[in-house]
Amino acid sequence: MRFQNRAGLLFWHNAALVTFAAVAIGMTWTVMNSGFSSSEVMKDVIEDAVTDSANAFQVVGSMTGTAQVAADEVMVTATPITTTINGIVDLDTSNIRIAYKIIKDASYTITQENIYAGTLYGTSYNSVGSAIKAAKEQGLISTNPLIDEQKPQETVAFLYWIINLDGDKYLQNGEIMNLVIIYSEKDRPSTGEYLHIQATEKQGILLDIQRTVPNISTSILDFGGKVKND
């Protein structure tokens, strides 16, 4: 009986993830006046998940971004995430840290020990643009790089809900969020540079993402690649 229950849960969990991922792809990148386009940026449905037992986040879809082509700069990236099948994560800033590192021009490294500002609770958002607007209104970020003339003075990460099944402050099975990073002027990635984004909690690493910035020849970027899982 236990085995049957477990098998049933696995089936419905996997089915739910496929359904939620499809919904997320349709919803997340409908960004009014921001340049994001679901037909351009969402190429992979599901990336390899982080399978280490210490990790509880997994990426659903591609890490994507918007850039200023003339300046060869990435302004914003967004990565849809869920949890592993048994994962449940307290999203409070007292529990999660998100570190950011970039190797600039293959010559020097900028490291930010914790860029996590918090989560937009209480509602779901159907676009990155609307979530960034709300993040500014709620004080999680000080500048909206999609519409403001001034560039951000600090690099900030925040989370917002795409699918929230129960309205609480935990990410758990069947729910999907977007991890958004707003890059400061000095931290903005350029073509060929190396990014390392790591989310941790007290128990260990939640997610470890490593990317090389693709050629910034268009305002919409697909970072591709795989989540580090060794």
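In the predicted model, residues 1–54 have pLDDT under 50 throughout, where pLDDT is the predictor's confidence in each residue, from 0 to 100. For this segment the model has 95 contacts beyond four places in sequence, a contact meaning heavy atoms within 4.5 Å. Residues 226–230 also stay under 50, with 17 contacts beyond four places in sequence. Over the chain, the mean pLDDT is 79, and 73% of the residues reach 70 or more. Because the model is predicted, local features need pLDDT of at least 70 and side-chain atom pairs count only at pLDDT 80 or more, whereas totals for chains, interfaces and linings use all residues. Residues are numbered from 1 along each chain as its sequence is written, and side-chain values use heavy atoms, with hydrogens and water left out.

The secondary structure of the chain comprises three helices and 13 strands; helices (H or I, at least four residues) and strands (E, at least two) are DSSP runs numbered from the N terminus. Of the 230 residues, 50% are buried, where buried means under 20% relative accessible area, exposed over 50%, and partly exposed in between (1.4 Å probe, protein chains only). Among contacts between residues at least 6 apart in sequence, 62% join residues at least 24 apart.

Four strands form an open sheet in the order 6-5-11-12, with antiparallel pairing; two strands pair if DSSP finds at least two bridges between them. Strand 6 (108–112) and strand 12 (204–212) are the edge strands, each pairing on one side only. On average, neighbouring strands of this sheet are turned by 10° against each other, direction ignored; the axes are lines fitted to C-alpha atoms, for helices over the stretch in contact, and angles run from 0 to 180 degrees between N-to-C directions. At one edge, strand 5 (residues 97–104) pairs with strand 6 in the antiparallel sense over five bridges, and Lys101 stands opposite Thr111 in strand 6. Strands 5 and 6 form a hairpin with three residues between them, and Asp105 in the turn has a positive phi of about 55°. At the other edge, strand 11 (residues 194–201) and strand 12 are joined in the antiparallel sense over eight bridges, with Tyr194 opposite Thr212 in strand 12.

Side chains of opposite charge can pair when their charged atoms come close. The count comes to five salt bridges, each defined as a side-chain nitrogen of Lys or Arg within 4 Å of a carboxyl oxygen of Asp or Glu. One of them joins Lys151 to Glu73, with the closest N and O atoms 3.4 Å apart. This pair links distant parts of the chain, 78 residues apart: Lys151 lies in the loop between helix 3 (128–137) and strand 8 (156–163), and Glu73 in strand 3 (residues 73–83). Lys151 is partly exposed at 27% relative accessibility, while Glu73 is buried at 13%.

A further salt bridge connects Asp148 with Lys136, the closest N and O atoms being 2.8 Å apart. Asp148 lies in the loop between helix 3 and strand 8 and Lys136 in helix 3, so the pair ties together parts that are twelve residues apart in sequence. Asp148 is buried at 18% relative accessibility, and Lys136 is partly exposed at 32%. Asp187 and Lys186 also meet in a salt bridge (3.3 Å, N to O), with Asp187 buried at 0% relative accessibility. Salt bridges that share partners join Glu73, Lys151 and Arg188 into one network.
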